[in-house]
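The following exercises concern a single structure. Each gives a task and then a worked solution in steps.

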Amino acid sequence: MNNFTYFQPKTLQEAGEMFGKSWHETTALAGGTDLLGLMKDDIEAPRNVVNLKSLPGLNRISYQPGKGLKIGALTSIAKIASHSDINKRYPVLAQAAKQVASPQLRNVGTIGGNICQRPRCWYFRGDFHCLRKGGDICYAVDGKNKYHCVIGGGPCFIVHPSDMAVALLALDAKLTVYSGGKNKTVAIGDFFVLPEKNVRRENILLPGEIVVDIRIQELNNNTKSGYVKFAERGVWDFAVVSVAAVIQKNGNALKKGRVVLGGVAPAPWFEKKISKKLSGLIPSEKNLDEIMKTALVDAEPLAMNEYKLPLAKNLMKRLIGELTA
Amino acid sequence: MPRKIVKSKYFFEEDFIETIGEVSTEKVKDWGPNSQLKVVGKSLSRIDGYDKVSGTAKFSFDISLPNMVYAKTLRCPLPHAKIKKIDISEAKKVPGVLAVLTYENAPKIPWYYGMSFLFDPHLRYEGDEVACIAAETEQIAVDALKLIHVEYEELPFVVDAGAAMKPGAAKVHDAGNVVRGEPQIYKRGDIEKGFKQADVVVEDTFSTQVEIHNPTEPHCSVVNWDGSRLTIWDSTQGVFSVRDAIAGYLKMPASKVRVIKKYMGGAFGSKLEAGKYTVMAALLARETGRPVRIALDRRAMNLAVGNRPGSVQKLKVGAKKDGTLTAMNHYSYGAAGAYPSGAGCSRPFRTLYKCFNVRSEEYTVFINTGRGRPFRAPGHVQGTFAFESIIDETAEKIGMDPLAFRIKNYAEVDPASNRPYTGKLLRQAYKRGAAAIGWQDRKPAGSGSGPVKTGLGVATQIWWGGGGPPAYATLKLNRDGSAHVIAGSQDLGTGTYTFIAQVAAEVLEIPMEKIQVTLGDTAVAPYCGSSGGSTTAPSVSPAVRDAAEQMKTKLISAAAAVLEIPGNQLVYKNGIISVKNKPDKKLTIANIVRRMRERVLLTTGARNANPSGYAINTFGAQFARVEVDTYTGRISVKKIVAAHDIGRVLNRKTLENQVHGGILQGLGFALIEERVMDEFTGKMLNANLYDYKMPAIYNVPEIEVIIVSEGDAKISNTGVKGIGEPAMIPTPAAIANAVYNAIGVRLKSLPITPDKVLMALQG
């Protein structure tokens, strides 16, 4: 690990001004469960580290009936997992939080840090000068790519590692981002970037921009939501594939729904076709099997990750079936 | 002290060893079943339990000496290279850097059977040692490593065993990639004839992955020179073997080297030999005049201190319709890594069942990766997976229950030597294990309905684990009736301290709390072998009993002299000697020792010789119940029943600990653990504990331990055999067979990860 200067700003403005033009110079610390590993492995070597946890008031959760939910970006994953309103009104989010890493990591990690974490690709994390680190090839293309993306990839084939991001996209959350003295609102769907747009970053944040809070609209009483994560070890592991679904019922049929996949793409992946087909669907086993035929049709699996396709379809079918049973 | 020098033979890790050793010929009464004993066999907590749970236990990793400096090793980032130029000048200038070793300035100490050196400019794997720095802090050493500038000549490499066997493959050594230039061939009978007699012949190919030991405590040493004497605190399975190796490398008398290891956080075979790091630390300590601590990081642990070689096994089995095995053929290859080690895995194939026509042909090949080392039942875990899979396939083909098929081919004598066993209770293990898992409810393969399917599987285990001489233990009895047992063995975390105290307490009938045990110190302890091959308890416990029995005899003789009564009229009970029929006339240990004008009575016990003309083996059967989720490919192991014949149980609690550990390691091998190499760069992709996945507590199934044996009186005065390795051997095979029973598709490549299950189910 390189030597660095550690800052504890007291205001957003102070924090924002600590960043220069490049992420290499200054980085944000929002828990550190990822950053520490990146720095120890010399993947990142910033000269300055700005601890956002020193900013007051960014670790609160507030829920107002009719208005919805607001979560400060520095709120711990553990707090979200155990929050009673979130468990009651937004089970998808609580379930995702409960499946992040381990209890120790959930106590330290924050939701803002979680959605901004770097990919787990073993070429990116290892001693390989890959595209994402400024090199000129993606080693995963012809290498060991069992855990890599099946859709949305190229020229780099990472998957986005966050559980929370998948749930937030299913909930169509809005992010408040501090940027140069004022706040702006960014839809979570616009927050993540694919490698074809920027191969070095996983989101749109510019140096000095800080996610302040996350807002989620009130859900209709007929809405069911859930998160299912498939990880090889079952616990203390990142998702191979995960699914978040938020579905509104209307009698026996479904009114509408949003289905998002994790572990399949370089960003949380909104399954447009499936989500659209939920409108008006009678959720029988046969009908679910039928619509799954259209899932991930544009996928282009690599040599070792074709299994993610049946896995994603089976998990979607299982989750939708359970939510609508 | 009746003693004699004899030849004795037993199996240690990868081969039979024959020793000529001084053994005890003292005949003592067999203990009989554990139910007749007071201390041995009970479920007792470890005597070092408080030290461990309170954090006061000093592992070698925890040793810190005044004025100590820290050493770190620079490792080769490439799979195959030669150093063209190495420049340490910038690193040496870093404040706090005290010394730097490279091939240019270090003594040329031969390594790997003379094929290389401690520092060799020819580097044959990623992780090979390039330089070693001693500095005031570990961080300074780490930072300074980055300032050593090395210019490498990159050489062609190969990191896959199959690729290394092909003509034209990159050569790891000039002599070619096949170790010794030829396969190891074994045969008995005539397989051609045997296959002709068969009604069915089954052929299949299986493969297993490279597994990394990854013990909790890293490989580490703290070394300190005191004049010409060298003391080494090492995390090792063999203090004497490290002592002699280091004395040899440094060309100094063994008497001047002291190796200490009190507590250890696991090894599994990876710490059976002296490490390069220990020699580097000793050289740096000599150069700096200060104690040096060196500890490998997790990455180095994954690259450079051993692995279980992978295997590709092509098997062919012939059987008659009635289930009789008529012939079996085994062809396999696996990689040693960059320097010699053994990748053979056919021993269970040769010895598990009665079959007269057997042949095996095994290739061990060099590749550009870290060298293999013994790993908990070397060869047996992977060999048993393949063999017990094809045994199931054969049983199914002739329409027999897999358990009945195994019993049909039960070996009453060792099929390789035709010698009788000292004991074999495998039938009982099958019977009691089958009852515990509910084998009678086993359904045809793949017959369950619904997306989650249940299956049952069985696999058999054979191993040696009988131990043997030489092994000695010294017993010191104090005036107050407290005792101290000292042995040159070591406790790997398996409970050696505790069983030694139990054996002494059993014989001398004194409370456990009054017994102190010292292990793992070459300066004070009599010799015992390295702790491997499941030989520690079977080798050491008889020596301890011998020492304690001698002490009892000594006390009775002394009491006879004091009381002027013949010894045969005296009775020893609970540390008190009394005259038969005159209970009032008695002497305590304190009375006797005082009258002898001694303060410490001393005896040294020895392990007896193994009986000749017998095969000594451990046996067992494990049964697995699994659930396979066909939606995700997830395999959940719900229950393992482990039924073993391992002679006498010394401590039920530490025995169960060992079985749990073995099963969990076997479950990891079956389902999740795997070294992943990038073939294009020759680098390991998962040299850390996130990407190299090991089971977590969540993955632990219900485990039922059944021990069918009471003690094998033919082998020693304690009748103990080892459990460390037997516990792991059959687990992967039992799980794989249960997975087949659940889904009706056989997975032939370990680890059976969800992607393999899903793709197999897709057809």
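**Exercise 1. A salt bridge in chain B**

Task: Determine whether Lys52(B) is buried, partly exposed or exposed, and classify its salt-bridge partner Asp48(B) in the way its accessibility requires.

Solution. The model is a predicted one. Step 1: Lys52(B) has a relative accessibility of 28%, so this residue counts as partly exposed. Step 2: The side chain of Lys52(B) meets that of Asp48(B) in a salt bridge, with 3.0 Å from N to O. Step 3: Asp48(B) has a relative accessibility of 2% and therefore counts as buried. The cut-off applied here is that buried means under 20% relative accessible area.

**Exercise 2. The surroundings of Lys721(B)**

Task: Establish where Lys721(B) lies, whether this residue is buried or exposed, and which backbone oxygen its side chain reaches.

Solution. Step 1: Lys721(B) belongs to the loop between strand E32 (702-707) and helix H17 (731-743) of chain B. Step 2: With a relative accessible area of 3%, Lys721(B) is buried. Step 3: Its side chain reaches the backbone oxygen of Asn617(B) at 2.8 Å. Step 4: Leaving aside residues up to four places away in sequence, Lys721(B) touches several others, among them Thr422(B), Pro538(B), Ile646(B) and Asp712(B).

**Exercise 3. Salt bridges within chain A**

Task: Explain which parts of chain A are tied together by Arg132(A) and Glu202(A), and then by Lys317(A) and Glu285(A).

Solution. Step 1: Arg132(A) and Glu202(A) form a salt bridge whose closest N and O atoms are 2.6 Å apart. Step 2: Arg132(A) is in the loop between H8 and helix H9 (164-170), and Glu202(A) is in the loop between helix H10 (188-191) and strand E8 (210-216), so the pair ties together parts of chain A that are 70 residues apart in sequence. Step 3: Arg132(A) and Glu202(A) are both buried. Step 4: These two residues also belong to a network of salt bridges that includes Glu44(A) and Arg118(A).

Step 5: For the second pair, the side chains of Lys317(A) and Glu285(A) meet in a salt bridge at 3.0 Å, N to O. Step 6: Because Lys317(A) lies in helix H13 and Glu285(A) in helix H12 (residues 285-292), this pair ties together parts of chain A that are 32 residues apart in sequence. Step 7: Lys317(A), at 11% relative accessibility, counts as buried.

**Exercise 4. The interface of the two chains**

Task: Describe the contact between chain A and chain B by its residues, its buried area and its salt bridges.

Solution. Step 1: Chain A contributes 30 residues to the contact and chain B contributes 36 residues. Step 2: The two chains bury about 2,900 Å² between them, of which 59% is on carbon and sulfur atoms. Step 3: Trp122(A), Arg233(A) and Arg318(A) supply 24% of the area that chain A buries against chain B, more than any other three residues. Step 4: Six salt bridges are counted between chain A and chain B. One salt bridge joins the side chains of Asp127(A) and Lys683(B) at 3.0 Å, N to O. Step 5: There are also 15 residue pairs in polar contact across this interface. Step 6: Helix H8 (122-125) and helix H13 (308-324) of chain A each supply at least two residues to the side that touches chain B. H13(A) gives the most to that side, with six residues.

Technical notes
Residues numbered from 1 in each chain as written. Chains lettered and ligands numbered in written order. Predicted model: local features only at pLDDT ≥ 70, side-chain atom pairs only at ≥ 80, totals over all residues. Heavy atoms only, no water. Contact = heavy atoms within 4.5 Å. Buried area = accessible area lost by both parts, 1.4 Å probe. Salt bridge = Lys/Arg side-chain N within 4 Å of Asp/Glu carboxyl O. Polar contact = N/O pair within 3.5 Å; in protein donor to acceptor, adjacent residues only side chain to side chain. Helix = DSSP H or I, 4+ residues; strand = E, 2+ residues; numbered from the N terminus. Buried < 20%, exposed > 50% of the residue type's maximum accessible area, 1.4 Å probe, protein only.
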